[in-house]
Amino acid sequence: MSSNKIDRRDFLRVLGISGAAATLAGCGNTSIESGAELVESYVQPEDFVVPGVGVYYASTCTQCGSGCGIMGRVREGRILKLEGNPKSAISGGKICGLGQAGVQMHYNPDRLTKPMLREGDGLKVVSWDKAMGVLNARLGSKSTLSGQQIAFLTGEISGHQKVLLANFLESFGSTNHVVYDALSPVVGHGANKAVYGVEQPVLQIDKARLILSFGNDFLGTGPSPVRMAAQYARFRKAPRGTLIQIEPRMTLTGANADRWYAIRPGTEGVLALGLAHSLLQHPEFAHSIPQELAAALKPYDKETVAEITGINADAIPHMASLLWEKSPSLVISGPSAEGHVHGFSNATAIHLLNLILDNRGKTLQGQANHPFPQLSPAFGSYTALAQLNQAMSAGKCEALLIMGCNPAFTAPTFVPFANNMGKVPFKVAFTTQLDETSRQCDLVLPILSPLEDFGTHVAGYQPAGVELMIQQPLMEKLYPETRGIGDILIDLLKQRKPDAYKAFPDYYAYLKTAVVKAKPVFKVKESDDDFWEDALRNGVLRLDLPPAPIDARVAAIKVSAPQATEMGMQYPFYFVPSVKADLRDGRHANLPWLQESPDPMTSVAWDSWVEIHPTTATQMQIREGDILEVQSATGSVRAKAYLFPGIQPDTVSMPVGQGHTGYGRYADGIGANPFKILDPNFDEQTGELAMYSTRVIIKKTGENAKMIKDEGPTTLQQGRKLVVTMAADQAELAKEITRVTQ
Amino acid sequence: MSKAHTLALFNDFEAAGRALQELKVSNLPGFRMDDVLIKSPIEHPELSEMLGSRPVYVQLYTLAGAVLGSTIGFTLIASAQGNFLQQIRGGRPIVPIPPDMVLTYELFILIGVLMTVVGCFIAWKLPGNRSPLYNTRISEDKIGILVKADPLVIPKVNGIFERHQPLEIMGEQGR
Amino acid sequence: MSLSNLIKNWSSLRVKRPYEGQYKDKDYKWAMVIDLDACTGCNACTTACYAENNLPVVGKEAFSKGQAMHWIRIERYWGEGDALPKFPERGAQFLPMLCQQCESAPCEVVCPVGATHHTPDGLNSQVYNRCIGSRYCSANCPYKVRYFNWWQYPERAWPNPLEQQLNPDVTVRSKGVMEKCTFCVQRLVEAKNRARTEGRKVEDGEVTTACAQACPTSAITFGNLADSKSQVAKMWERQQIDLAKDKQEKSDENMRGYRIFEDLRTYPSIVYMERIRDLQA
Amino acid sequence: MIQSTDEKDIEIERRFVPKAKDINDEIAWAQINKDVLRSMERPRLMYWVIFLASLALFGFGVYCEIYQYQNGLGVADLENPQVWGLYIATFIFWIGMSHSGTLLSAILHIMHADWRKPIYRFAEAMTTFSLMTAGLFVLVHLGRVWEFYYVVAYPNERWAWPNFNSPLVWDATAIGTYLTSSIVFLYFGMIPDLAICRDNAKGVRKKFYWLLSLGWQGTDRQWANFRVAYLTVACFLIPLAVSVHSIVATDFAVSQQPGWHITSFPPYFVAGALYSGCAAIITLFIVLRYVFRFEEYMTMPILDKTCRLTFAIAMVWTYLNLVEYASVWYGDDPVAKQTLLFRATGDYAAYWWAMNFLGSVVPFALAFKSLRNNIPVMLVVSLLLNLGMWLERFMIVTPTFAHGFYPWTWTDHWMPSWVQWGIVAGSFGWFSMLFMLFCKIFPTVSMYEVKEMVYHRFVARKARA
Amino acid sequence: MKVHIKNILIWLSLCCFCSAALAEPFVQGGPIGSQTDDGFNALGPVVEQPIEFPHKTHAGNGPGQMNINCMYCHTYARRSNVSGIPRLDKCIGCHKMIESVRDKPRIKKLFEYWEKKKPIPWKKVHDLPDFVRFNHERHIQRFYFREHRPVREVCGYCHGDVGSMNTARRVKALSMGWCVSCHQKEHLENASTTKTSNGPNDCWQCHK
């Protein structure tokens, strides 16, 4: 990085810029002005720092849990833009829109710049000394808290922050690290674990010739969308693979499918078993599963399945025939199949197809064995939050520390988390920006944004080998009165366990030591400093490890008699909350680029909407823009109707992530929050919230408003040759020159 | 030799015409028909004809203006298009003829119109002194005949006027 | 100077473009290929463009009025044919639409002040400070990819400290100015300057646009058409697209390349490759 | 040779004598002066009502424009691709309005139709003022009006020139030429009348008219040069007027947009322009006749003739309108056809049908003599025709934006905001304010030409007798 | 008749003159590097700088002046768009060796900044509008490194004779016409050739 080994932090400090403020004077001012602006001037910069020339630094994206490597373009001490880091296999030099918007989280005008302390009803700005005084008094060496009285609630978290956090809790004798994620992958992980023996098998999308996806939006909101999109691109090159998507509401992946089937929500498992039944007719597969299981599949003939799922009976043998023609195939389940009362068995039924088709080891592999399992992420679950909620409600929780999640916004109505927070005497939020949850806390500490702080990340989904991602500051901290979470924890730990932590002046030292300690794993011969410098320069520490094998635990798959879901007359519609790849559970609703980025399927931006099938809408005399009240047994929300053909006719859908009430200027007052109408239905096996099993009734309010969308009044090409479609058998992909990624 | 002016006002064109006719045939010494001016509220070509041929050159100016307008128009536009900052636009040639013709046409008209009016002003000898003998009734409905002649002849001219019932005869020493 | 220039170069000033082989003797002709079969409609390119080109976020009100400023927009069409199918069984049809950098651009001819013109690199340029905002270019654009600053965005869209993200290489546009995709000209100029200092031409892959760089599926390929060894030139050739033709004569009907509204004789610089769907599935 | 006694001459004269008596040919010339000059003195109450109403409208327009200037064109609810809105539509409307003056003063002058004489002055003033109004719309429409001088071709420190390929530059040149020529023509033709004013005014006004009348004394030399120059300018003005509106038509016709890319646009625009101009003349004829008590000069037979002329032009316009539809309908362009169908059946269908009704059906009222001679009916009809012509311009501009090439950006239901309406209303106020001011300062009826008219008719009548 | 023809001739010649003036509107600038009056001189205002830096002493070539190459301090000019202000440690690098002037008020001020590690808030003297992309690197590379013109001439064409000033002051108009006047001239491609070319005339080369 540099010859004289100047420390990275020193580099940022010594740069000492003046006059680097960005200018807003646009093209209006045409005059030559002398003396109006300052020149960028430096005190003692590194040799490679040249004003007017951008320099790229590697880091890690923390916008979602994928752990993509990024490169930040820095000029005149400001981070301007993020690109993908080609050295990381996860991002492969690419980046999604969500990742791009990381800079807006950093520069967000609503960022918290100073600590805040509760005074009466409101939060008041205080100094760090005072804030740390309060924190030390409650959690420092003199703390009276012990054991499970203290809880740390976070979102998905990995790397050394996770370790440090666990150590901190451990110093109290607590193991109460509660991880909560509103869009929890836990059911899917559980089903994977049960059938394959691993939580997250690696999907070799590019190797498959046919992908049958039950509601898995791997291009939009999957575990590693950038990586999977790159794989998808290769999957579409010669020999071109076929994608069939089965889901109640068309996701981004469904929109790219060769054939998209709308299925009645919750009946994915029935269809999977129907397909299995159909496959078993084929002599090649007839003996691939135990006889008793095959016998249990008998009732799943195509007529029954068709009636339950709403899918044409002829389509089932057709799909089955495609599955045996195009091998290797890949069958995957997704949230919309898993988020039901019987979601677990849905998922296992879907996995059964992979077992029958013998895709193990071909398109479905185990992740490489992890050399540092302690750094792997903890995945959030609803049950964890529910337990914490119960403890809080019972008054067993004395101190609650919150970072990186917003249960006050995402928790369903029957988990009155926000109310129960009142029963916790001491609540601390570590956050970059006030949100609905931190507004309820007693102490809010402004932490550094991910672009200002150090850290390590290990993605839960490791597509190739294992990558330890390094996060480093891309610029000097924007606000002097913000601190890294690591530094705060180290401070507290120094009080709790002085002996173990006094060696580390700060989190940076801790992290460097910890990473350097892992050097033997990577089998390099450099000095410690060089290793660390290399890690920072590359942004990733890669281990090329072979994929692990996966099991086939057929026994885990239980087949019951086919059951139709009952049609509740009171709540006639299925309710499918959809997830916008940009906003996820709403944590990014404060980023203007993402608010302005239209939803790919509807082109709606800055709003919530209710998707309803045109036929249903015609029956109910609903026009676009009619404000509908969507009412479940739990509650109701209002949003504009959007007539959307990519949805099952008995289903309505609303995007989650909007409807904030205390999350800054870009999020507040936009749309409605459908988390609040979810019914208390839970997965039978794991006890997780069944997000896709809510039933609703639609009421017209008689109001109508203009849809905030990009598309015009037509959704058709009107005879223009804009997007032309070619049949796959005509295309000669092999003859084409194409850009193959990686 | 200084000349004197006299102006006679008549009630109608007939009277003025008769007076003119008499002046024309009178053959007074020191008096030329060229020095007679009719001042009338409306144009009366027949009356003017009696004064002999008085050519109008305004068309010459028009021609000059029109030619100038078109040549300048085209050179100016084409050379502005062909300057250093020449850039192709929309795949068209840098000096495209049809648009330049449109603009040339407009400039042809503009300069033609302006030169016509300027020519007329020049023919009116603007800016210059007007004849001092004028009566505001001329702009209403009377017809005046202005004679510039040798001061000695003026009484004779006035005598001719008197024979045709003029409303008024105004005289003044001219230069 | 101008008059003598006019007389000296009369014949060259009368040349119409594009003509066949126009870019063979030139250094650069920037062009693009967008593979619609690879495009998933994920909007990463759009956001990347916002980040690179200082596009203002217009906000809810303005967006609802159709005043959004996305230089590259993802359009989604549903199947067409025998009326609207009950379900869009073949998925949605995504189309990333950006300025086509037409060789014979309808917008260029009509700008009264010449704020938009054709650069020697084959870009359809927009000079913001020359623009007086007559919006004729937008009216004349068949693709409707020109965006007008209806409001004074510098003050509205970047509250402090968001303005620190602004790319210093790109002007922040004030109200009353037309803007559009530039093929990230600031990157191109930088690469060309670097190459010129080093006494060479820009190599293939040395520079790319923000959208192409971000695209997770690499659906967008950007490069120099004048360089016959570049990826883009090879793709154009294989797809049998000739820049200077308004109707392509393809010997191989199965090649997917096409240009949008080619028959309007705009000669766009972007070749789209047809989306493929497996109709057996 | 004061009056012709030749039989043949009388024969010829008689053939052209109109049946109706256009004007009382026994009216004294002094009376003409008196009547017209009176109109420039203390006016009727109605004058003030109209003037103040115009001023108020104009004030509101100015307010809207300032509001728009400060906040950007976003306040006008313009959007991509609906980028022009009412401004350009109204711009064309005003440009069209200006053509009537040329028609009356230049074309009819060359054709020796002397019934135009009492009314051509105000028609010319209308030309000038509507051109000025149209010019304002160009400025209002610009996103950066403070940089409008970039359009002007002049050597500058930027070394940059406007784009001469652009129809907007042709527009600017043509309108500039037309405005200059119209003002010159209006002023030049007014010089003898200004001399009359000079001879009857006192004080500052006298100085003012003295300056403007350029020493006019009505000498035969002045008259001879004046006649030639006036005729020459009139001859220039006719092709100019045609070219101006043709060029405005090329703004649309040279583009490729469906609904605009039509070869017959230039004549269609010119016909529409003459049409709306004539309709406006009828309106102003009636207003002036009432406000300034010009019953003696703006007589019913002249109104009748104007109405007949308007009817003829209306039919020409109707024909060209149908030609436009037919050429699109039978043309081979599905997109243009789709846009035409959208006009007839889409969200703007009501306006389209109204425009066709007002433009092609309502003028049939002008075909009936009884209606032609009914002043209130004619006022209403002329206003309706103008509304129809405004709608025509609206229907040219808006549907093409709303339903053009690119379906993704269609804006089927777009409507302008109050700011746009305010500015459009303000333009009417501005026009009528200027016009009213003109009427107070300059003679609205050409006195010397009316005298000529009266004189010739009188002579002819006497000769016939 | 005669008088009219005379008048018309006067008008014609007037118009010809005007049209010639319009068609050939601009005087040519002088050759690059010359400090002659090229018609684009415009003396800018005096800019108050935090330290009144004596360019004369450093860059002047008179007696007692040090005649330092511009690019010794303005090091970024040859490798970046901006020429940049010298970094503070550059000033200190020399001045900590020069004891003789250590007590001068300006040098004291300099060391004050250095001790506080605070950058000096220099003000821009040649401040182009924000929509203009001027590239120092390309101009220096072309005229200094390839054409081997003297550095004072190359820099001085735009910045004037800085060696005769104390704090720099703008002396050229920096208008677009001025830029273009030079871009349209034929310049030698390098020192050892007679081949010439002119500057780019692509709008996007300079406008961003």
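How far apart do the closest C-alpha atoms of chain A and chain B lie? Put those two chains on screen and you will find 19 Å between their closest C-alpha atoms, with no contact joining them. Keep in mind as we go that this is a predicted model.

**Stop 1: chains A and C**

Now hide chain B and show chain C beside chain A. Nine pairs of chains are in contact, and of these chains A and C share the most contacts. To color the interface, select 80 residues on chain A and 77 residues on chain C. On the chain A side, start with helix α7, residues 225-235, which supplies the largest share, five residues. Coloring the side of chain A that touches chain C by class gives 43 nonpolar, 19 polar and 18 charged residues.

While both chains are visible, select residues 725-727 of chain A and residues 275-277 of chain C. These are strand β26 of chain A and strand β11 of chain C, which run parallel and are joined by three bridges. Click on Ala727(A) and look across to β11(C): the residue standing opposite is Arg277(C).

**Stop 2: a sheet in chain A**

Leave chain A alone on screen and switch to a cartoon view. Seven of its strands make an open sheet with mixed pairing, and walking across it you meet β5, β4, β16, β15, β14, β6 and β7 in that order. At the edges are β5 (122-125) and β7 (177-179) of chain A, each of which pairs on one side only. Ignoring direction, neighbouring strands in this sheet are turned against each other by 20° on average.

Zoom in on the β5 edge. Strand β4, residues 116-119 of chain A, runs antiparallel to β5(A), and four bridges join the two. One pair to label is Glu119(A) with Gly122(A), its bridge partner in β5(A).

Next, add residues 128-139 of chain A. This is helix α4 of chain A, and it lies across β4, β14 (399-403), β15 (426-431) and β16 (443-446) of that chain. Line up your view with β16(A), and the helix runs at about 120° to the strand.

**Stop 3: two helices in chain D**

Move to chain D and select residues 45-71 and 418-441. Here helix α3 and helix α16 of chain D cross at roughly 140°, and their axes come within 6 Å. That angle makes α3(D) and α16(D) oblique to each other, and their crossing is left-handed. Color the residues of this contact by class and you get 18 nonpolar, eight polar and one charged.

**Stop 4: chain E**

Finish with chain E. Of its 208 residues, 31% count as buried. The chain has nine helices and two strands. Follow it from the N terminus and the elements run α-α-α-α-α-α-α-α-β-β-α. Of the contacts in chain E between residues at least 6 apart in sequence, 62% join residues at least 24 apart.

For a last close-up, select residues 88-95 and 105-116 of chain E. Helix α4 and helix α5 of chain E pack at about 125°, with 10 Å between their axes. Which way does the crossing of α4(E) and α5(E) go, left-handed or right-handed? The crossing of this pair is left-handed. Turn on side chains to see who makes the contact: Leu88(E), Cys91(E), Ile92(E) and His95(E) from α4(E), and Ile107(E), Leu110(E), Tyr113(E) and Trp114(E) from α5(E). By class, that contact of α4(E) with α5(E) comprises seven nonpolar residues, one polar and no charged ones.

Notes:
Residues numbered from 1 in each chain as written. Chains lettered and ligands numbered in written order. Predicted model: local features only at pLDDT ≥ 70, side-chain atom pairs only at ≥ 80, totals over all residues. Buried ≥ 20, exposed ≤ 12 C-beta atoms within 10 Å, placed from the backbone. Contact = placed C-beta atoms within 7 Å. Axes fitted to C-alpha atoms, helices over the stretch in contact; angles between N-to-C directions. Left-handed = near helix turned anticlockwise from the far one by under 90°. Nonpolar A, V, L, I, M, F, W, Y, C, P; charged D, E, K, R; others polar. Pairing = 2+ DSSP bridges. Parallel < 35°, antiparallel > 145°, perpendicular 65-115°, else oblique.
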